[in-house]
Amino acid sequence: MITFTLNGLEVQVPAGYTILEACQFFGIEIPTLCYYEGLEPYGGCRLCLVEIGEGNNTKLVSSCTYPIEEGMIVRTNTKRVVHARKIMIELLVSICPTSKTIQDLASKFGVTKIRVPIRKENCILCGRCVRMCKEQMQGKAIGFVERGYKKKITTPFNIKSDDCKLCGGCIYVCPACQLRCQGPDASTDLCSGCLHFEPSCTNTHDDMQCWMG
Ligand code: SF4
Ligand code: SF4
Ligand code: SF4
Ligand code: FES
């Protein structure tokens with residue numbers, strides 16, 4: 001077991017836990033976005049920041065990728081963490097304001113203003129879809145291309161991939177897509193098709209927000 005200090009209390013977890021896993025074990029909520037249970041942590045969104053260290057020697061780290069170490073001091077709700085978290089959520093809303101997942105995060109964590117230009121992208125580059133395809137569906141139908149502001153998710157050669165099994169897994173885990181679209185038969189604002197792994201629109205919509213068409 002590893003002993004460390006979490007928000008002032010000395011606690012123990014099995015070796016190999018990340019800070020996020022340890023916090024979840026003790027019921028401490030940390031917001032996440034690129035993290036998805038069952039997929040390899042990616043550490044891309046920096047929403048899960050916590051502060052480690054003490055005195056003048058502290059730093060913010062992504063809790064979903066940072067392993068717990070013996071004697072570590074972790075704080076999850078300092079002013080610095082709360083401030084950084086709000087800035088990350090603000091940026092995420094500015095990139096993809098149509099994501100209900102991100103709007104809910106803004107509401108829950110007290111983000112009331114967006115001070116950066118709204119970009120209205122369809123993707124926040126969290127990589128959940130790529131990892132879902134690769135790790136759970138054993139596919140390589142989608143991936144990241146380019147770098148910096150040109151970075152995006154696409155299929156090889158930007159055409160429909162023969163590697164795609166039309167499983168819908170990428171849509172199921174996508175925080176930008178899953179709660180935005182609705183299929184042709186949906187009777188509410190939310191699409192139940194994706195949630196049940198039966199996307200109802202794949203045969204009828206040309207402009208669907210997924211990689212399956
Ligand atoms: S629908 Fe295609 S691209 Fe999406 S996870 Fe399944 S195999 Fe991969
Ligand atoms: S398409 Fe969705 S799941 Fe994939 S990287 Fe973009 S926001 Fe994340
Ligand atoms: S499969 Fe269809 S309904 Fe589901 S998210 Fe994609 S476009 Fe929307
Ligand atoms: S949830 Fe940890 S970096 Fe995205």
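I started at the S1 and S2 pair of this predicted model and found that Thr 3 has Gln 12 as its bridge partner in S2. I then looked up Leu 6, whose bridge partner in S2 is Leu 9. Strand S1 covers residues 2–6, and I counted five bridges from S1 to S2. The two strands run antiparallel.

Next I checked the turn. The hairpin of S1 and S2 has two residues between the strands. Asn 7 takes a positive phi there, near 50°.

I moved on to the sheet as a whole. I noted an open sheet of five strands with mixed pairing. The order I wrote down is S2-S1-S5-S3-S4. Which strands stand at the edges? They are S2, at 9–13, and S4, at 57–62. Each has a single partner strand, so one side of each is left without a neighbour in the sheet. For the twist I noted that neighbouring strands of this sheet are turned by 35° against each other on average, with direction ignored.

I turned to ligand 2. I listed twelve residues around ligand 2. Which of them come nearest? They are Cys 123, Cys 126, Gly 127, Cys 129 and Cys 174. Sorted by class, the shell around ligand 2 has ten nonpolar residues, one polar and one charged. Cys is counted as nonpolar in this sorting, and Gly as polar.

Then I looked for cavities. I found one cavity of 30 Å³ or more. The volume of the largest cavity came out at about 100 Å³. I recorded 14 lining residues for the largest cavity. Nearest its centre lie Cys 133, Ala 141, Cys 164, Lys 165 and Cys 167. Which helices each supply at least two residues of this lining? I noted H4, at 128–136, and H5, at 169–173. By class, I sorted the lining into nine nonpolar, three polar and two charged residues.

My last entry is on Ile 171, which I found in helix H5. Is Ile 171 buried or exposed? The relative accessible area of Ile 171 is 4%. The cut-off for buried is under 20%, so I entered Ile 171 as buried. I also looked up the separation of Ile 171 from Arg 128. The two are 43 residues apart in sequence, and their C-alpha atoms are 9.3 Å apart in space.

Note on methods. Residues are numbered from 1 along each chain as its sequence is written. Chains are lettered from A and ligands numbered from 1 in the order in which they are written. This is a predicted model: local features need pLDDT of at least 70, side-chain atom pairs count only at pLDDT 80 or more; totals for chains, interfaces and linings use all residues. Side-chain values use heavy atoms; hydrogens and water are left out. A residue is near a molecule or strand if one of its heavy atoms lies within 4 Å of it. On a 1 Å grid over the protein atoms alone, a cavity is a set of points where a 1.4 Å probe fits but cannot get out, and a pocket is an open set with protein on both sides within 12 Å along at least five of seven lines; lining residues have an atom within 4 Å of a point. Grid points are joined across faces, edges and corners, and a volume is the space filled by probe spheres set on the points. Helices (H or I, at least four residues) and strands (E, at least two) are DSSP runs, numbered from the N terminus. Buried means under 20% relative accessible area, exposed over 50%, partly exposed in between (1.4 Å probe, protein chains only). Two strands pair if DSSP finds at least two bridges between them. Axes are lines fitted to C-alpha atoms, for helices over the stretch in contact, and angles run from 0 to 180 degrees between N-to-C directions.
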